[in-house]
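User: I'd like to learn how to read a structure feature by feature. Could you walk me through one?

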Amino acid sequence: MKSLRFCLFGMAALFQVIVSIRASAYAQSSSFVPDEIIVQFQDGVIDFPVNSARKLLSETNILIPQIRDSLAVNGVLEVGRVFRHAIPHDTLKTIRTGERIRIADASQIYKFKITADVLKTAPRLQRLSLVVFAEPNYLGSETIIPNDDHFAQGNQWGLHNTGQFGYTVNVDVDAPQAWDISTGSSNVLIGVIDSGIDYTHPDWGADFGSYPNQKIVTGYDFVNDDSNPIDDRSTSHGTATSGIIGALTNNDDGEDHKIAGIGGGWGESPYGFKLLPVKVIDQAGDFTIANLADGIQWAAVTQDAEVLNMSLATNADESNLLRFAITEAYNVGTIAVCAMGNSNTGAAFWPAAYDNSVISVGAIEFTGQRIDSSLDYTWGSNLGPWIDVMAPGTAHWTTARMSLGKYRSFDGTSCSAPFVSGFAGLILSVAPTASFEKVEAIIRASGTTYPNWNSAFGYGYIKMRKGLDLLTGAGYTEFQRTATGGTATNENFTVNPGDGYTYKRFKVVKTVTWSEAFTSVPVIWGRRTGSNGRVKWPSSTAQLGYTYTGIVAGTEAMNSCQLVSYIYEKRVAATGQYIGWYPVAPGSVTYAYTLRGILNPPSVTITGPTMLEWKALGTWTANPSGGNGSYTYEWRFREAGEPNWSGVAGTSQQYTRQMLPVDMELQVKVTSNGQIVYDTHYVEEGFNKASAPVAEESASLPEVFSLSQNYPNPFNRSMQSSQQNLATSIRFGLPEATQVQLVIFDLMGLEMRRLVDRPMAAGYHEMIWDGKDQTGQLTPAGVYFYQIIAGEFREWKKLAMVR
């Protein structure tokens, strides 16, 4: 385990910071920018240059006169594109998994400056035939929660908790153990969508005085529309989240470099993750949905950030614009990590509530419990069916603005989300082509309660070393599977992409099972390739084409899980006429998914007759378990006591053959997933008792140990003799189960053949000697002795063989 050098120093003011909306009601003027409206048009309505600043309506090239007139009548003064970096019709992209995908055209979503009433104008514009959607530009602001006595002073307990300050030992993310595998790759780019980053901080590296530098790449300020995303918030919110993700690690020089980030490299070089500052929160703590969506789109699609951290939340009405941006980030494989929010409620806070497209994170305290008012906090971590995992969320030290003391104690789900973003970065450091679904599955499976899940605690709090072991450990095997069908449920959510149709969403769930026997519940994730169901949160016609297979949270089990995807009921928008299912009916939904785990080693037992008369047919069955559920078989046999087995006598699970004139042994060799196991089965030859002068015995167990005279005696082993005399039978009785030896000796006391040397059950038994020695050679005619040793019982008898 790598040890960490750090120094704890003076306490800063303790605040919890997470961005939330001012008001949830659509009708309140304070919940959106009062003179702005967001509108998406179909292609061919406005010709607006890429990267162009806002223009007056009179200077904008609007291609359809009726639209120009409608915008003028509705008080539009200025026109600007929301996604100012989006290139029209540039809809093909290669993502990190190597797939060539189609992305939605984001160039036709505009932000209008208007003089009219937003609440009246939005529905009027929505009714225009070439408008996809029109909505207010929702406004968010920071919520600050004051400190209380439970926000105890401490260091970075969330990374490594040894019980300091009375905390519960090992309630942490196991960072030192994870650092033995990876301290973060500089090939991983993590976008921090926040209030910017103070890039002058020494914990970004030796060249921290310059920008960009080896740690902080060139970002963007969407508030002031420039490339200088310096953090100017009094709470240092963006700088604080960035420190948890990627502050340099193991580089304390006694003066600076006081804290460690999850992906901060090790020592002076390398520097671990690269950080992309995406500033959407202004100096006053406000942000707009337009800036947030633009920042998401730019970081994920234009800058190819593998991970986005969003320690922010809004409880405004679900926004078409934000949904568009989140779905595009998902489409290109970006790992979007979102804070659940701090209102101790199950109400939807966005973007965390965009389940299936983001990873949503709640907060725990240092006892491992979800933070809520029952623990005497003045805030509580939100809950809901979209939660994935938990992470430390109180009194954790991280970076702050240089002018505000360099370091601070940080709290809330704003603190929790960057733990998971850093973890996602470590996963991509060792598996750079991993899909969103695979990274999400590893993070979920790292949780302390996996596979158990609930809406308050998700899969528990993350353990990074556990997750990296699931990804890189020895003995893991992946199995790709597909399934078809499922049960559809109406979710009462309709998408209107402006193509003349409406699409009502239906959730389709399919229970699947597998035969592989894993040592523990496997990691399970969906695959887009091979799936024909659709994503949950499309906003445009193009996004309705994005495929998706997911895992229903909490259904993962040793041999089963529930898969989920989405289809849509398509109708004509103007008349409501039913067109049909899109893209397929419920029974035709195809899912693709992958299992990853360590297989139980295979084992096998043979069942079938244990005694047969000579020449009688018997059938024996190999009963395998473990392995990957696929088996091959090889059967062999031999006379009991013989050293060599026959060649392969059968290759099916069942084996049928005639009984030999003597006891025989069967062997089956089973191969599964490259592993080989064996089982043997002993079959006694049941002599024709009708011709043997043996007194009739009751079916009850023997009362004493006994050894009977062999029959026939003498016996003739000559090949010309009668078939009935080729062997002789030796019977004995056991009143209790015990270890038994039955051995043939010659007159000199030399051992010729060991007929039995194994534990045997209580009862009457019969063994056959065919006159052969231990090597399979016929012994000379003459007199021999046979001896039984059964526990304390020993007895000798004499037999004769003639030719």
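**Reading the fold, piece by piece**

Analyst: Let's start with one residue and its surroundings. Setting aside neighbours within four places in sequence, Ser185 is in contact with Gly272, Phe273 and Ser429. Keep in mind throughout that this is a predicted model.

User: Where does Ser185 sit, and is Ser185 buried or exposed?

Analyst: Ser185 is in the loop between α3 and β11 (189-194). Its relative accessibility is 17%, and buried means under 20%, so Ser185 counts as buried.

User: Let's move on to the sheet. What is the general idea there?

Analyst: Strands of a sheet pair through backbone hydrogen bonds, either parallel or antiparallel. Here, seven strands form an open sheet with parallel pairing, in the order β12-β13-β11-β15-β16-β17-β18. At the edges are β12 (220-221) and β18 (389-392), each pairing on one side only.

User: How many bridges join β11 to β13, and how many join β12 to β13?

Analyst: Six bridges join β11 to β13, and the two run parallel. Between β12 and β13 there are two bridges, again parallel. Val278 of β13 is a handy residue to look at: Val278 is the bridge partner of Ile193, and Val278 is also the bridge partner of Tyr220. As for burial, β13 (residues 274-279) is mostly covered, with five of its six residues buried.

User: How many bridges are there between β15 and β16?

Analyst: Four bridges, in the parallel sense, between β15 (residues 307-310) and β16 (residues 335-339). To find the register, start from Val307, whose bridge partner in β16 is Ile335.

User: Now the interior. Which residues have the most contacts inside the largest nonpolar core?

Analyst: The largest nonpolar core has 162 residues, and those with the most contacts inside it are Phe41, Phe83, Phe112, Leu292, Ile296, Leu321 and Ile443. Take Leu321 as a case. Leaving aside neighbours within four places in sequence, Leu321 is in contact with Ile38, Val82, Phe83, Ile109, Phe133, Glu135, Ile289, Ala290 and Ala293. There is also a second, separate core of 23 residues, which includes Leu707, Ile744, Val756 and Tyr784.

User: And pockets? How much space lies in the largest pocket, and which residues are closest to its centre?

Analyst: With a pocket, look at the volume, then at what lines it. The largest pocket holds about 470 Å³ of space. It is lined by 31 residues, and the closest to the centre are Asp355, Asn356, Pro385, Arg444 and Ala553. By class, the lining has 18 nonpolar, four polar and nine charged residues.

User: Which element gives the most to that lining?

Analyst: That's α8, with five residues. The elements that each supply at least two lining residues are α8 (436-445), β22 (487-495), β23 (501-513), β24 (523-526), β25 (550-551) and β26 (560-572).

User: What about backbone oddities? Which residues does a cis peptide bond join?

Analyst: Check omega for these. A cis peptide bond joins Tyr582 and Pro583, with omega about -5°. Pro583 lies in the loop between β27 (578-582) and β28. Another cis peptide bond joins Tyr711 and Pro712, also with omega about -5°. You'll find Pro712 in the loop between β36 (706-707) and β37 (715-716).

User: Then phi. What is the phi of Asn170, and what is the phi of Asp304?

Analyst: Asn170 has phi near 75°, a positive value in a residue other than glycine. Asn170 is in the loop between β10 (131-146) and α3 (175-179), and at 37% relative accessibility it counts as partly exposed. Asp304 isn't a glycine either, yet its phi is positive at about 60°. Asp304 sits in the loop between α5 (289-302) and β15, and its relative accessible area of 40% makes it partly exposed.

User: One last case: is Pro601 buried or exposed, and which residues is Pro601 in contact with?

Analyst: Exposed means over 50%, so Pro601, at 52% relative accessibility, counts as exposed. Pro601 is in the loop between β28 (590-598) and β29 (603-607). Apart from neighbours within four places in sequence, Pro601 is in contact with Ser625, Gly626, Gly627 and Gln675. Gln675 is 74 residues from Pro601 along the chain, with 7.3 Å between their C-alpha atoms.

Note on methods. Residues numbered from 1 in each chain as written. Predicted model: local features only at pLDDT ≥ 70, side-chain atom pairs only at ≥ 80, totals over all residues. Heavy atoms only, no water. Core = buried A, V, L, I, M, F, W, Y, C linked by side-chain atoms within 4.5 Å. Buried < 20%, exposed > 50% of the residue type's maximum accessible area, 1.4 Å probe, protein only. Contact = heavy atoms within 4.5 Å. Pairing = 2+ DSSP bridges. 1 Å grid on protein atoms, 1.4 Å probe; cavity = no way out; pocket = protein on both sides within 12 Å on 5 of 7 lines; lining within 4 Å. Points joined across faces, edges and corners; volume = space filled by probe spheres on them. Nonpolar A, V, L, I, M, F, W, Y, C, P; charged D, E, K, R; others polar.
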